[in-house]
Amino acid sequence: MKQPQRPAIQRPAAASSAQSRADAMGGGAPAGSEQQPAFKGYIESVREILRMPATTADPSIPAKRVTAEYCAGRFAKPPKNVTMLTRDFIGDSLYNPSYGYFSKQALIFSPKEGYDFSRFRDSADFLKTIGRQYEEIERELDDIRSIPRQLWHTPTEILKPWYGYSVAQHIVRQHKADQDGKPGGGSPLVVYEMGGGNGTLMVNMLDFIREHEPRIYSRMEYNLVEISPKLAKQQASQQSRKHAVPHANVNIINKSIFDWRTTVDRPCFFVAMEVIDNFAHDVIRFDYVTGEPYQAFVRVYDDGEFEEYYEPVSDPLIQDYLRARNSLVSPRHQSAALPPAFYRRIRSQLPLAPNLSKPEFIPTKAYEFCKILGRYFPRHRLVLSDFYKLPDTLPGAVTSPVVQTRFSGSMVPCETYLVQPGWFDIFFPTDFELLRRIYDVECRSHGVEPMSKVRTQREFAVENAALAQTCTRSGENPMLDFYENNKFLLS
C-alpha cells in the first residue's frame, strides 16, 4: 500500500459560489487546465502532507474489499469497514438501488410543454420563465421558496421538442445515406438509447420521424436501455399520453448497459445524451521517480469517515485503459498529472517532496462502455453528447468532477468526492478528443470503422436544428447560445 505521505481524511467543504450542474449554459475553464507555478504546487503538497487524519477509528480493524455491484445486492445503507476502488465508491454513491443519488435524490426538470420561443424578448426573459417554473416545482416537493442561482437543465428538456427533432434529423439523414441504393429500402432504422431520463428525447424523436418520414417510421424500432426501474416505468408511460398517438415500436429494457451481453449484429444507432458525465472514474497517481501508476482505494471506517490510499495498479480495467491510452500515437498521449522527468528530479530534492503526483481521474467506465459498443453493437453508429468543461471541479486534480448537493434551494459545490453516498451528485467533464481516439481504437479492434468526429453544440445545431423555431424576438437563439460547454461524438 502506498500513500501520498500522510493522507488526510477529506470532508465536503462548501465553496463560496453556488453553481448548478450545467452552470446554466456553459462557461468555466476545462477541468485540470490550470497551470500552477511549480513552487505553488510544492507548497500545496506540503500542506497536504501536514494535514492530520480526522478519524478516531481503529485502522487495524479488518476491512472487506467490495465492489459497487456487491453493495447493490447486499446493503440497504452505506457499508462501513470496507474498501473499494474509487470507481466503485462513486458508482455505489450514485447508483445503489437503496441509497444511491439517482435512486433517492435526482430530479430532472421537465416543463409540461415545449416553449414558444417567439414569445420571449430575449434569452434572459426565457430564463426567468424557467426560474419561475422551477420554483413552483420545488415548492410542491419540499416547500423550498428560494431558487438556486443557476438551474439544472438539460437541453433535451428545455429545448423540447426541437432538440430531440435535431437528433432525429441527424439520424434520419445518416440512415438514408447508409441505405441509399440498397434493395427494398435497405435495413430498417433501429435505435438504442441509453439513460433516457423522463423519456422526452425518445418521444420527440419518434414524433419527428413519424411526421416527416412515415416510411422509415413504419419499419422503425426504438430500444431504451435504462438502469433505473422508476425511470423505466416513467418512460413506458410516455407512450400513453392523451395528446398523442402511442408509439407501438418502443421497447424499454430495464438494465444497466454494463450488464449487456447480447450481440446486436445489425445496423443501428446508439444514442447517449448527457449520460457519461455520471460514469464512475478511477483515480491514479504516478510515482515521481519511476512514473509507475498507482490506483486509489477508499477505506470506509466504522465511524463513517473516509480515507484514500494507493497501491500499484493491478485492476484489470485500469490496466486495460492505461494500455489503450498509451497505445495512442500521432500525437502520443501524455498525462497532465505526470510532470516531465527533469522537473520531477528537481522537485524530489526539496524537503517533504511528495512521492506521488497529483491525482488524475480516469474514465474507466466510459472506456468499458466503448468496449461494450465494439463487442455487442459491432455495426452501430454513435450519437453521444455531454459536457467537455465544467466550473467548480475539485481542486488539485486532473479531469476532476463536480461534487455538489442541494441546500436551502441552492447548489453547493464540495471540495472532495469522499462524501456521504446518495446525497451528492458527482459528474465529470469529458475529454472528447481523447474519448474519440479511445473509441476508435476499441471499436476498430472489433471490426468497426466508425470514422468518428467531434462537434460542438453549436455546430451540431447549425447542421440539424430548425433554428427559426428557437429564436427569440431579439434574435438570440438558445439552441445556439446555450450549452456551450457541450460537445457531440458522432460516428
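Guide: A charge sits over a ring when NZ of Lys or CZ of Arg is within 6 Å of the ring centre and within 35 degrees of the ring normal. Keep that in mind as we walk through this model, which is predicted.

Visitor: Fine. Which ring does the charged end of Lys487 sit over?

Guide: The ring of Tyr388, with the charged end of Lys487 4.4 Å from the ring centre. There's another case to look up: Lys365 has its charged end over the ring of Phe258, 4.0 Å from the centre.

Visitor: Phe258 is aromatic company for other rings, I suppose. Which cluster do ring pairs link it into?

Guide: A cluster in which Phe258 is joined through ring pairs with Tyr192, Trp260, Phe270, Phe279, Phe369 and Phe377. Across the whole structure, the search turns up 27 aromatic pairs.

Visitor: How do I read one of those pairs?

Guide: You describe two aromatic rings by how far apart their centres are and by the angle between their planes. Try Tyr95 and Phe102: their centres are 5.3 Å apart with 20° between the planes, and the pair is stacked. Tyr95 is partly exposed, at 28% relative accessibility, and Phe102 is partly exposed at 27%.

Visitor: And why is the pair of Tyr101 and Phe102 edge-to-face?

Guide: Because the planes of Tyr101 and Phe102 stand at 80°, and an angle over 60 counts as edge-to-face. Their ring centres lie 5.2 Å apart. Tyr101 itself is buried, at 7% relative accessibility.

Visitor: Let's go to the nonpolar cores. In the largest one, which residues touch the most other members?

Guide: Val167 and Ile209, in a core of 42 residues. Helix 8, residues 200–212, gives the most to this core, with 7 residues. If you skip sequence neighbours within four places, Ile209 is in contact with Ala168, Val172, Leu189, Pro214, Ile216, Tyr217 and Met220. Apart from that core lies another, of 30 residues, and Tyr192, Phe258, Val264 and Ile276 are among them.

Visitor: Now the backbone. What should make me look twice?

Guide: Most peptide bonds are trans, and most residues other than glycine have a negative phi. So a cis bond or a positive phi is worth a look.

Visitor: Where does Pro161 lie, and what kind of peptide bond joins Lys160 to it?

Guide: The bond between Lys160 and Pro161 is cis, with omega about 0°. Pro161 is in the loop between helix 6 (155–158) and helix 7 (162–179).

Visitor: What about the bond from Ser330 to Pro331?

Guide: That bond is cis too, with omega near 0°. Pro331 is placed in the loop between helix 11 (316–326) and helix 12 (341–347), and Ser330 is found in the loop between helix 11 and helix 12. Ser330 also has a positive phi, near 50°.

Visitor: Is Ser330 buried or exposed?

Guide: Exposed, because its relative accessible area is 73% and the cut-off is over 50%.

Visitor: And what is phi of Asp392?

Guide: Near 60°, a positive value in a residue other than glycine. Look for Asp392 in the loop between strand 11 (380–387) and strand 12 (402–407). At 26% relative accessibility, Asp392 counts as partly exposed.

Key: Residues numbered from 1 in each chain as written. Predicted model: local features only at pLDDT ≥ 70, side-chain atom pairs only at ≥ 80, totals over all residues. Heavy atoms only, no water. Helix = DSSP H or I, 4+ residues; strand = E, 2+ residues; numbered from the N terminus. Buried < 20%, exposed > 50% of the residue type's maximum accessible area, 1.4 Å probe, protein only. Phe/Tyr/Trp six-rings, centres within 6.5 Å; stacked < 30°, edge-to-face > 60°. Core = buried A, V, L, I, M, F, W, Y, C linked by side-chain atoms within 4.5 Å. Contact = heavy atoms within 4.5 Å.
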